[in-house]
Amino acid sequence: MGTRPTRHGPVFETEVLIVGGGATGTGVMRDLALRGIHCLLIDRRDLNAGASGGNHGLLHSGGRYAAGDADTAAECRREGGILKAVAPECIDACGGLFVAVEGDDPEFAARFPQHCRSAGIECTSITPAAARELEPCLSEKVFAAYTVPDAAIDPFRITLENVNHARQLTQSILLSHTELERFVVDGGAIRSAICRDTRSGETVTIHARQVVNAAGAWAMRVAQLAGCSSVNLLYSKGSLIISNARIGRRVINRLRRPGDGDILVPGGTVSLLGTTSETVQTLDEIHPTVAEVDRLVAEGIAMVPQIAHTRFIRAFSGVRPLLMAAGADADGRKASRGFSLFDHESEGLANFATVAGGKLTTFRLMAEKTGNLVARRLGNNQPCKTKTTPLPSGEAIRWTEPGFAPRYWVARHEPGDLILCECEMVPASAIDAIVENAPGAESQMSLNAIAVRSRVGKGTCQGAFCSLRVTSHLYDRQVYDSPLGLRNTRDFVAQRFKGVAPVAWGEHLPQLELAEALHCALLGLDQLADDGGRQPPTGGQDP
Amino acid sequence: MIKQPRRHRTELLVIGSGLAGMAASLFALERGVGVAQVGNSGVIAFTTGYLDLLGHDGRGFVDDPWQALVRLREDEPRHPLANIAENDIRVAFTSFTRTLTEMGLGYTAPGQRNLLALTPAGTLKPTLSLPLTMQPAIPAMARGLDTLVVDFIGLNGFSAREVVANLAPRWPGLRALRIGFPDMDSGAEVYAEVMARAMEVPATRQRLAERVAPLLGSAQALGLPAILGVHRPDHVHRELQSMLGVPVFEIPTMPPAVPGVRLRELFESTLPQRGVALEPQHRIKRLELLPQGVSAQLEDAYGEVTIEAAAAVLATGRFTSGGLSADPNGIRETLVNLAVVQPEGRADWYRPDYFDPRGHAINRSGVTVDQQWRPLDAAGKPTHPRLFAAGSLLAHQDWIRQRCGAGVAIATAYKAVGSAAQAVRGRQE
């Protein structure tokens, strides 16, 4: 093995190293584990830190792509059906509507059923009155409406389930906060990956027989680290906003060519309105803006007038990693939603694969194709099992489901089990369960990690207040034992703020002002030093 | 119940029941001006009890707030505190803390330097004056005393371990311990305010002391969450210290908390005794500006109330207390629709980085005033000859980042009441 001596830090051996902890990477992890293969998955941040956590959780029926991209539409239809069968607990099979409103192109609307038929998508025409009966929030200006089998999917739950199942099957490992720095390539193969633990600064060395690049928007960079230039992505930033209460029962799509603010997706107790599309050159500092929020609201009103008076609790952004075909124009709306599997063999590597592009809805298929390639290379002849094997739904990973924590708390009925997150009713016992058992518990759990694995910080306070109570609890349980814990809390509230500021008006402002008063005027989180945990010395010593 | 309209007349109407409103009423009493005060005093429970004058100068915490005020006058000439003479600020601050102490809530006398007070997270906060129940933490930390910090089973959001872990780098002699509070140790959630009221019962104090005493070991001081009584905290504090034989200090819990409740209940019980016609649970529905003064309408359980006053001090605060509100298109003052200086558009309200040391522009929006502390209209003219404004409603200050909330509240209330008294009585300062 062509390993090199490394500085102090752990060394891991695995059959397959997967880079990227989104739906696809964790999907590959589970796919391979179902074939009996041990995997180690790294992410430079944490699960779903990229597009898998920055989308509206729409499980596409395919209707949205029926007019422009029949292949993707049919793929969505098939995959949506499979996921509904194997992961029902992650899915709200709420159904969907496509509606055209005054001003939209009637001919485009009239052709919709025909496009759906070509892609095999169930589509029923209903009268505008019937549509408003199904969804009273719809505008009176709706002139055409169709039902389709859209659904909502919890992308966090899916990812957690994938990792959890892989852990159970082959003791596969998740290493969050582990950033790939370089590959050691020798004799036409990647021999090891040299990574850095972004929290401790330690070097982490991983020896693997196969390496899968499922880094989403970062896949181009990861491929380049392996000396491969065949992966070309277009970065399309999309922003969405979350309402404080669920607006429609179903997914509501605007029946027109894709544009801003034309999809409203329920997410348990809330709804998500999206999505903008803007080509960006860099993946750094991707945050929603006031201008994007204003556009989403203005467009959303045409379909659902009450959006004008809806309280939005948060905005967020993701970057769609779109495949750029040679010579294609750089329009994110028109670029393909399909995916590609690169085997990199023509680039001289025998044990490296990149899976890129695609959609949340098709992650399982992406994982299947990747799994087939990797298994074959490993000489493993087990077939893919993800089409039929249900996700096991473990206790430690149910906390992202809206309403699960309060039901659990009531059922458990322990008077000493304090509620730490009041908006989402998350009790201390839930935090303890996550810290001990949730995927990622291999390394230290922080407030950020808990938030990814639960509803903490997702309610109307957006973590401003509950983060402080959870922090105290983590100190009590000695998960935190130094000023590092409080710095983690500071970083958490600073991150949540980026999503709150663009939707901050009305009822938000009293809360935001109070939060800032607690965080800064009282606790001095704005003054925390980054080293040694000491606050800066007091100033004012001028002569 | 027969509801009938009632009508009061007074010299000065104070609108708002936060620190600025309370201070305004006290200053009006000192000047012998007849005063009525209206406001639903919810937000004062969110104060920590610490009274800051100026704790941060944009670069870091300041040690000498008076020195920092000199620089503030140069750097931020529109800041409300930059427009008040140092002596007036001293007189106002000292008078306010002395009055609180006389009324039964002991405060340290404001000195030349800021004190570094403890927070519930174990960080330190520069402040000018603090309750006597919290003061012993200052010398204990300065001397690095072996100190026990106790918290309670079931008290949500306060962790002695957190306090100790964060203070340890500068105060190594700290240790944490969790105990049950007498009669509230079933494991169920307990509330600081309930514990504080229980601590007013001598037997409870005695039993708590008996539980803590054997745990002190080598500890030379004891820290507790702020639960030492609501109405007579200084008494409760003294008793506990004498029972335990070591200095005891309170650490504030996350607001709303006992230190804020103490201030609220103190004002609500003592201001009427001192002659303020206080309507603490109500909000003014409408304020009319008349040639001879103001007329305010509110409604209480017995019906409509009209208060006519020769002058008014508006101390309605910012967004949290409802003095300001905002829709996507702009920020407005809620009672009189006064002109509000504000950033051009919503995109400028907040900076991208929450903890940007320059603070957010929205926090410096607010009402501007003339030299007499009268709100200015869009043309820069006083809105009304006898309408004055005080407190955090004022523009060009960021009390959150500058740690100057109490300073702005007290000093501007002092000045606004001074001007109002002059307008009402036509007498000279």
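Chain A of this predicted model has an average pLDDT of 91, and 94% of its residues score at least 70. Two stretches of chain A fall outside that confident majority and deserve separate mention. Over residues 1–6 of chain A the pLDDT is below 50, and in the model this stretch makes 13 contacts beyond near neighbours in sequence. Residues 532–543 of chain A likewise have a pLDDT below 50, with 36 contacts in the model beyond near neighbours in sequence. Where pLDDT is low, the predicted coordinates should not be read in detail.

With that reservation in place, the domain layout of chain A can be followed. The domain assignment splits chain A into domain 1, built from the segments 11–51, 156–232 and 337–378, domain 2, built from 91–152 and 234–323, and domain 3, which covers 395–527. The C-alpha centres of domain 1 of chain A and domain 2 of chain A are 32 Å apart, and the contact between these domains involves 10 residues of domain 1 of chain A and eight residues of domain 2 of chain A. On the side of domain 1 of chain A that touches domain 2 of chain A, five residues are nonpolar, five are polar and none are charged.

Two helix pairs in chain A show how its secondary structure elements pack. Helix α1 of chain A, residues 23–34, packs against helix α8 of chain A, residues 363–378, at an angle of about 50° and with 8 Å between the axes, which means that α1(A) is oblique to α8(A). The crossing of α1(A) and α8(A) is right-handed. On the α1(A) side the contact includes A:Ala23, A:Gly27, A:Val28 and A:Leu32, while the residues from α8(A) include A:Phe363, A:Met366, A:Gly371 and A:Val374. Taken by class, the residues of the contact of α1(A) with α8(A) comprise eight nonpolar, four polar and three charged.

The second pair consists of helix α12 of chain A, residues 466–476, and helix α13 of chain A, residues 484–500, which pack at an angle of about 160° with their axes 10 Å apart. Because of that angle, α12(A) is roughly antiparallel to α13(A), and the crossing of α12(A) and α13(A) is right-handed. From α12(A) the contact draws on A:Ser467, A:Leu468, A:Thr471, A:Leu474 and A:Tyr475, and from α13(A) on A:Gly485, A:Leu486, A:Thr489, A:Phe492 and A:Val493. The residues of the contact of α12(A) with α13(A) divide into six nonpolar and four polar, with no charged residues.

Chain B, for its part, is divided into domain 1, made of 6–105 and 261–425, and domain 2, made of 135–251. The centres of domain 1 of chain B and domain 2 of chain B, taken over C-alpha atoms, are separated by 34 Å, and each of these domains gives five residues to the contact between them. On the side of domain 1 of chain B that touches domain 2 of chain B, the residues are two nonpolar, one polar and two charged.

It remains to bring the chains together. The contact between them takes 53 residues from chain B and 52 residues from chain A. Elements of chain B that each supply at least two residues to the side touching chain A are α2 (65–75), β4 (124–127), α5 (160–167), β13 (324–327) and α10 (399–402), and the largest share, four residues, comes from α5(B). By class, the side of chain B that touches chain A holds 24 nonpolar, 14 polar and 15 charged residues.

Conventions:
Residues numbered from 1 in each chain as written. Chains lettered and ligands numbered in written order. Predicted model: local features only at pLDDT ≥ 70, side-chain atom pairs only at ≥ 80, totals over all residues. Domains from an automatic or database assignment. Contact = placed C-beta atoms within 7 Å. Nonpolar A, V, L, I, M, F, W, Y, C, P; charged D, E, K, R; others polar. pLDDT = per-residue confidence, 0-100. Axes fitted to C-alpha atoms, helices over the stretch in contact; angles between N-to-C directions. Parallel < 35°, antiparallel > 145°, perpendicular 65-115°, else oblique. Left-handed = near helix turned anticlockwise from the far one by under 90°.
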